[in-house]
Each structure stands twice: as structure tokens, then as C-alpha cells.
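Trainee: Could we go through this structure together, one point at a time?
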Amino acid sequence: MNAKGGQARVRLQGSTLTSMAVVIAALIAAPVLSVFSNVFIGGTSSTWSHLADTVLGEFLFNTVVLCIGVGLGVASIGITTAWLTTMLDFPGRRFFEWALVLPLAVPAYVMAYVYTDFLQYVGPVQTWLRDTFEWGRGDYWFPDVRTVGGAVAMFMFVLYPYVYMIARAAFLERAGGMLEAGRSLGLGPWRSFFRVSLPLARPAVVAGTALALMETLADFGTVSYFGVQTFTTGIYRAWFSLGDRIAAAQLSAALLAFVVVVLTLERISRGRARFNNTSRQHSLPVRQRLPSALGVLAAFACFMPLLLGFLLPGALLLEMAFLDGDAQFGSRFVHLAGNSFVLAALTALIAVLLAIVLGYAARLARSRLPHALNRVVGLGYAVPGSVIAVGVLIPLTRLDNWLAQSWEALFGSNPGLLLTGGIAALLYAYLARFLAVALQTVESSLGKITPSMDDASRSLGFGRWATLRRVHVPMLRGSLLTAGLLVFVDVMKELPATLVIRPFNFDTLATQAHTLASDERLAEASTAALIIVAVGLLPMILISRQILAVRRKA
């Protein structure tokens with residue numbers, strides 16, 4: 001009798017978990033579904049026709065150029081630095097191994113603000129050139145950073161660590177035995193790179209490049225500040241300047257199509273090929289010591305992306321923040337920082353809790369439904385924040401109008417909009433965008449816990465919820481902290497969703513930096529930007545510690 005009761009309780013808990021997973025996945029997927037539904041239901045608006053006749057071609061061209069330029073750039077830098085630090089030994093290699101990930105702490109729009117101030121006509125570079133060579137206006141040519149090419153450069157030096165980290169892991173895991181076999185066949189370092197290392201790392205390179213391209217497509221601050229017209233800037237203009245939600249939804253759908261194309265190309269590139277290490281010996285590659293001259297060149301090749309992507313922008317931000325900084329630094333700035341930290345902390349906490357439910361439901365499920373739901377939730381990170389914002393506001397506005405009409409019919413007064421433009425809507429958008437980050441971390445850590453732990457817990461009379469609370473959560477404590485920290489930093493940097501959904505007269509550090517930079521008050525924007533970069537360093541330090549741990553094993 002007790003055994004049957006225990007089995008019934010376990011089945012009930014399992015069905016409850018699955019039901020919760022279905023509800024969570026449906027809510028997270030709702031913004032994207034809302035965008036597509038408005039495309040097909042709303043028809044073709046006059047705004048869309050106007051955009052198609054005037055700027056849609058420019059949106060398409062600039063977006064394609066950005067994707068091609070950023071893809072080639074991050075792949076070249078990431079592959080080169082990963083191969084040099086993994087396969088060769090040269091001065092500074094141990095430092096570059098972990099330091100090359102630091103540019104990920106700098107949002108691309110912060111890079112845009114910094115380099116604009118550094119390279120503009122009255123900036124230090126051009127001022128030094130004029131003073132040194134006694135040039136005047138029109139005596140020399142200097143490239144304009146606020147162009148499509150400038151935007152490509154910003155994204156390249158910020159996003160190459162995606163390729164670097166994944167390609168380096170692939171070189172470490174797969175290259176040892178293969179390179180030894182290549183050397184036995186007479187292959188030198190360069191021939192080994194092109195014929196052994198690069199083919200083995202191809203899936204990792206493509207995956208890292210796809211991540212960088214999705215970040216590029218999702219960006220608003222950089223392209224908006226540089227005046228580069230893309231689908232992201234078009235969505236913002238259609239919603240705020242033209243007030244047309246149908247046109248915004250149609251542009252969002254077009255941008256989603258780009259994301260789908262990137263993901264599809266990444267999957268097609270793998271084909272049916274498998275790049276498994278069939279050897280039972282996972283030997284690490286033996287690094288070849290470079291001669292002095294080549295060692296200096298290798299160190300220079302690793303130093304330049306680090307200099308341009310982190311050291312120089314960080315130094316310039318520090319200088320601007322301490323010499324000038326935000327004139328509102330004080331109570332106003334504390335209020336902005338408080339808004340950012342509260343939003344980031346609440347989103348991180350909720351995201352970790354939801355990720356635990358989704359990950360645990362998939363772990364215990366006997367069907368593929370929870371796993372499929374988690375893949376749906378995982379797509380949220382590939383969807384740009386501007387698309388998420390449009391997808392959140394459209395249904396919430398309809399719900400708010402219905403609630404207001406119902407309230408007025410019942411009580412005779414109109415309460416106004418209750419959900420739209422509130423903190424709840426902003427949190428919802430953040431969760432739809434970044435829950436995938438926490439879920440991936442939690443799922444990976446749960447997969448490392450042997451199923452025998454669940455069996456042992458059940459043999460002691462614990463149900464599934466008690467097992468989760470008393471066994472899994474304590475074992476996952478470090479991973480849960482990492483997941484929350486990653487979501488926290490992503491929310492701190494998020495700009496397009498915050499700009500679209502934030503309540504009236506509600507600012508964060510990201511919106512403050514964007515507003516000041518848009519008004520050409522770059523020195524004042526440095527204070528908020530510097531804090532965003534400092535917070536972004538936290539997960540980079542964790543990643544660097546993991547890289548150092550791998551190095552010690554080597």
C-alpha cells in the first residue's frame with residue numbers, strides 16, 4: 001500500500017514538473033509568437049510600404065555587410081589567438097591564455113562611444129597629428145569611425161573571444177594525438193595547422209562565429225550611435241517615431257529571419273560530419289617553442305586584439321571618468337545604479353529558479369517533451385532584445401486595454417495601463433531574452449550528477465522535490481551562482497529592450513550612457529559605461545580561472 005502510494009506521489013510530482021515546464025516555456029516563447037502573429041494578422045501597413053520603398057534595401061545591405069565583416073573578423077582573430085596560445089610557446093603566452101577573454105566585458109556600444117571620442121576631429125589622435133605635422137583642416141585624410149566599417153571593427157574586437165574560447169577548447173581536446181600522428185607523417189607546424197588543427201576545430205569555429213553574429217544582429221546601441229541603418233534601428237524608429245506596431249513587428253520578423261538563417265547555416269555547415277576523438281588517450285598538444293623573432297611576432301598578434309578590445313578602451317574610460325565624468329554623479333547616479341542592480345538581481349534570481357525547474361523536469365522526464373521545451377526556451381538568447389520588446393509590448397498592451405475596459409464597465413472608472421510600461425513588463429522581457437543563459441548552465445551541471453544519486457535519495461524515502469532541495473541544489477551551488485552572475489551581467493548591459501519597455505522617467509546605467517553619448521556628451525557617459533564594464537569583468541574572471549585550471553592540468 002505504501003509502495004503504491006509512493007509511486008503515485010512520484011507520478012504526481014513528475015506531472016506537476018512537466019506542467020510547470022510547459023507553462024514556463026509557453027510564456028517565454030510568447031513574445032516571439034506574438035511578433036509572427038502580428039505579421040500575418042495585421043496585413044501590410046502604409047508604414048511598411050514606405051519603409052520598403054525607401055530604407056528597407058539599406059537595412060538589408062548594412063545587415064549583410066555587418067554579418068560578413070564581423071564573421072570573417074572574429075573567425076580570423078579567434079582562430080589565430082587560440083592556435084598560438086594552444087600549440088606554440090612564446091613570451092607572454094601564459095598571460096594571453098586568460099587575458100584574451102577580457103574584451104567580452106566591454107559592450108559594443110561602449111566601445112563605440114570610447115573610440116568616437118578618441119578618433120574624432122577634436123580627439124587626442126587627430127589633435128596630435130595636426131600639432132606634430134602642422135596640418136590644418138583638409139590637409140590630411142582620416143578614416144571616419146562612425147561608418148559600417150567602424151561598426152564592424154567594434155564588433156570584431158569585442159566578440160572575437162567567443163571564437164577564441166570555443167576554438168581553444170577544441171584544440172586542447174582533439175589536437176594532441178592527431179598532431180603527433182601528423183608529425184610522424186612529416187607535417188610541419190603550418191601544414192599541421194591547415195590540414196589537421198583547423199579541420200578539427202571547424203565546428204567550434206562556426207559555433208563561436210554564429211554566437212558573435214547573433215550578438216551583432218541584436219545590437220542597437222552601436223549601430224544607432226554610428227548612424228548605420230539596420231533592422232534593429234528600424235524597429236525602434238517604427239515603434240517610437242512612427243507609432244506603428246505592425247511595421248515594427250514586420251521588421252522584427254525580418255530580423256528573426258536573419259537569425260534563423262545564421263543558425264541554419266551553422267547547422268548545415270556541420271552536415272553529417274562527426275569530429276570525435278576516437279583515441280582513448282586525450283593527450284594535450286606538445287607546444288613548440290618559437291625562436292625569439294617569431295615569438296615576438298606571436299606575442300604581438302595576441303597583444304593587439306587585447307589592446308584594441310580591452311586595454312585601450314578601459315584606459316580611456318578611466319581617464320574620461322576621473323577627469324570629467326558624469327556631472328550628475330551623486331544621488332542621481334546612485335539612483336540609476338540602484339535601478340540597474342535591482343533589475344539585474346531580480347531577473348537573475350527568477351531566471352535561476354525557472355532554470356532549475358526546467359532542467360530538473362528534463363532530467364526526470366521519460367518523454368522528449370521537456371527536452372523540446374528547453375530547446376524552445378534556448379532560442380530566446382538568439383532573439384534580439386528589440387524583437388523581444390516588441391513581442392512583449394503588443395500582447396501586454398492588448399491585455400491592458402481589455403483590463404481597463406473591464407474595470408471601467410464594472411466600477412465606472414478607468415485605471416489606465418496597469419502592465420504596459422511597468423517593471424513587470426521589463427522583467428518579463430529580460431527573462432524571455434536571458435533565461436537560456438541560466439538554463440544552459442544548470443542543464444550542463446545537472447548532467448554531471450550521476451543518476452544513482454536520485455536512486456539513492458528515493459531509496460531513503462525522499463520524493464522528487466525533496467531530492468532536488470536536499471541533494472541537487474547543494475551540489476549545484478557553484479553552478480547556480482555562475483548562472484545568476486551571467487544573467488546579472490547580461491541584464492546590466494542590455495540596451496534595446498530597456499529603451500523600448502522601461503517605465504516613463506525610469507533610467508538605468510545603460511540608458512544613461514546611451515542618452516549622454518547620443519547628445520555627444522561622451523565624457524559624461526564614461527562614468528556609467530565604466531561601471532557596466534567593471535560589472536562585466538566578474539564572469540570574465542570566472543572564465544579566466546577555468547582557463548588557468550586547464551593550464552595547470554596541462
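What follows is a set of questions and answers on a predicted model.

Trainee: How many salt bridges does a search of the whole structure find?
Mentor: Side chains of opposite charge can pair when their charged atoms come close. The criterion for a salt bridge is a Lys or Arg side-chain nitrogen within 4 Å of a carboxyl oxygen of Asp or Glu. With that criterion, the number found in the whole structure is seven.

Trainee: How many residues apart in sequence are the parts that Arg289 and Asp89 tie together?
Mentor: Arg289 forms a salt bridge with Asp89, and the closest N and O atoms are 3.4 Å apart. Asp89 lies in strand β1 (residues 88–89) and Arg289 in strand β2 (residues 288–289), so the parts tied together by this pair are separated in sequence by 200 residues.

Trainee: Is Arg289 buried or exposed?
Mentor: A residue counts as exposed when its relative accessible area is over 50%. Arg289 has a relative accessible area of 53%, so the word for Arg289 is exposed.

Trainee: Which class of accessibility does Asp89 fall into?
Mentor: Buried means under 20% and exposed means over 50%, with partly exposed in between. Asp89 has a relative accessibility of 22%, so Asp89 is partly exposed.

Trainee: Where in the chain is Glu97, the partner of Arg168?
Mentor: The closest N and O atoms of the salt bridge between Arg168 and Glu97 are 3.2 Å apart. Both residues, Arg168 and Glu97, are buried. The pair links distant parts of the chain, 71 residues apart: Arg168 is in helix α7 (residues 148–184), and Glu97 is in helix α4 (residues 93–99).

Trainee: Arg521 forms a salt bridge with Glu524; is Glu524 buried or exposed?
Mentor: The closest N and O atoms of Arg521 and Glu524 are 2.9 Å apart. Arg521 has a relative accessible area of 34% and is partly exposed. The value for Glu524 is 19%, so Glu524 counts as buried.

Trainee: Which residues do salt bridges with shared partners join into one network?
Mentor: Arg289 pairs with Asp89, and Arg168 pairs with Glu97. Salt bridges that share partners join these four residues and one further residue into one network: Asp89, Glu97, Arg168, Arg289 and Arg93.

Trainee: Which residues does Gln229 contact, leaving aside its neighbours within four places in sequence?
Mentor: Gln229 is in the loop between α9 (221–226) and α10 (231–241). Its relative accessible area is 18%, so Gln229 is buried. With those neighbours left aside, its contacts are Glu58, Phe59, Asn62 and Arg237.

Trainee: How many charged residues are in the contact of α13 with α14?
Mentor: Helix α13 (residues 331–364) packs against helix α14 (residues 369–378) at about 145°, with the axes 8 Å apart. The crossing is left-handed. Leu358, Gly359, Ala361 and Ala362 of α13 meet Pro370, His371, Asn374 and Val377 of α14. By class there are five nonpolar and three polar residues in this contact, and the number of charged residues is no more than none.

Trainee: Which word describes how α13 lies relative to α19?
Mentor: The axes of α13 and helix α19 (residues 477–493) come within 8 Å, in a crossing of roughly 140°. Angles over 145 degrees count as roughly antiparallel and those from 65 to 115 as roughly perpendicular. The angle here fits neither range, so the word for α13 relative to α19 is oblique.

Notes: Residues are numbered from 1 along each chain as its sequence is written. This is a predicted model: local features need pLDDT of at least 70, side-chain atom pairs count only at pLDDT 80 or more; totals for chains, interfaces and linings use all residues. Side-chain values use heavy atoms; hydrogens and water are left out. Axes are lines fitted to C-alpha atoms, for helices over the stretch in contact, and angles run from 0 to 180 degrees between N-to-C directions. Helices (H or I, at least four residues) and strands (E, at least two) are DSSP runs, numbered from the N terminus. A crossing is left-handed if the near helix is turned anticlockwise from the far one by less than a right angle, and right-handed if clockwise. Contact means heavy atoms within 4.5 Å. Ala, Val, Leu, Ile, Met, Phe, Trp, Tyr, Cys and Pro count as nonpolar, Asp, Glu, Lys and Arg as charged, and the others, Gly among them, as polar. Buried means under 20% relative accessible area, exposed over 50%, partly exposed in between (1.4 Å probe, protein chains only). Angles under 35 degrees count as roughly parallel, over 145 as roughly antiparallel, 65 to 115 as roughly perpendicular and the rest as oblique.
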